Amino acid sequence: MINSRLGLDLDLATVAAASDCEDDATLLFSESPSRFLVEVRPEDSDSFGALMDGIDVGLIGFVVDEPVLRIDGVDGEEIMRLLSETLKEAWQGVTTAAKG
């Protein structure tokens, strides 16, 4: 996402642990040895579901054509909307103030 023209549209309310967690930051940044994020093409979703039969999985979002990371919190309200370019600059250690 950072080095492409694509973005992500995520919904924290659909994360399996969301019913046990009311804090968006905890849900976003807590670490677990059993939590993985997997990108699956829509046409492969049935095959992926069959492979994961018996394993607790959930759909938390979609890749979108707009270069934006957008996240809805556990309450359904948008909590983040950042341009991919902004994320790339943060990742590279560049800030808007430093560029000016």
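**Buried charge and strand pairing in the predicted model**

Of the 100 residues of the protein, 17% count as buried. The model described here is predicted. The accessible surface of the protein amounts to about 7,700 Å², and carbon and sulfur atoms account for 54% of this area. The protein contains 4 helices and 4 strands, which follow one another from the N terminus in the order β-α-α-β-β-β-α-α. Among contacts between residues at least 6 apart in sequence, 63% join residues that are at least 24 apart.

Strand β3, comprising residues 68-72, is mostly covered, with 5 of its 5 residues buried. In a regular strand, side chains alternate between the two faces of the sheet. In β3 both faces are covered: Val68, Arg70 and Asp72 are buried on one side, and Leu69 and Ile71 are buried on the other. The strand has pairing partners in β1 and in β4. With β1 (residues 7-11), the pairing of β3 is parallel and extends over 4 bridges; within it, Leu10 stands opposite Ile71 of β3. With β4 (residues 78-83), the pairing of β3 is antiparallel and extends over 5 bridges. Here Arg70 has Arg81 of β4 as its bridge partner. Strands β3 and β4 form a hairpin in which 5 residues lie between the two strands. Gly76, in the turn of this hairpin, has a positive phi of about 90°.

The charged side chains of the hairpin strands are linked by salt bridges. A total of 6 salt bridges was counted in the protein. Arg70 forms a salt bridge with Glu78, with 3.5 Å between the closest N and O atoms. The two partners differ in exposure class: Arg70 counts as buried because its relative accessibility of 17% falls under the 20% limit, whereas Glu78, at 40%, is partly exposed because this value lies between the limits of 20% and 50%. Glu78 also meets the side chain of Arg81 in a salt bridge, at an N to O distance of 3.0 Å. Arg81 has a relative accessibility of 47% and therefore counts as partly exposed. Through shared partners, salt bridges join Asp9, Arg70, Asp72, Glu78 and Arg81 into one network. Arg70 and Arg81 are thus bridge partners in the β3-β4 pairing and members of this network.

A further salt bridge links Glu43 and Arg41, whose closest N and O atoms are 3.6 Å apart. Both Glu43 and Arg41 are exposed, in contrast to the buried Arg70.

Asp24 presents another arrangement. This residue belongs to helix α1, which spans residues 24-29. Asp24 is buried but takes part in no salt bridge. The nearest side chain of opposite charge is that of Arg70, at a distance of 11 Å. Because a salt bridge requires a side-chain nitrogen of Lys or Arg within 4 Å of a carboxyl oxygen of Asp or Glu, the 11 Å separation of Asp24 and Arg70 does not qualify. Apart from neighbours within four places in sequence, the residues in contact with Asp24 are Leu12, Gly73, Val74 and Ile79. Of these, Ile79 falls within the residue range of strand β4, 78-83.

Key:
Residues are numbered from 1 along each chain as its sequence is written. This is a predicted model: local features need pLDDT of at least 70, side-chain atom pairs count only at pLDDT 80 or more; totals for chains, interfaces and linings use all residues. Side-chain values use heavy atoms; hydrogens and water are left out. Buried means under 20% relative accessible area, exposed over 50%, partly exposed in between (1.4 Å probe, protein chains only). Lys and Arg count as positive and Asp and Glu as negative; His and the chain ends are not counted. Contact means heavy atoms within 4.5 Å. Two strands pair if DSSP finds at least two bridges between them. Accessible areas come from the Shrake-Rupley method with a 1.4 Å probe; for residues, only the protein chains shown count as cover.
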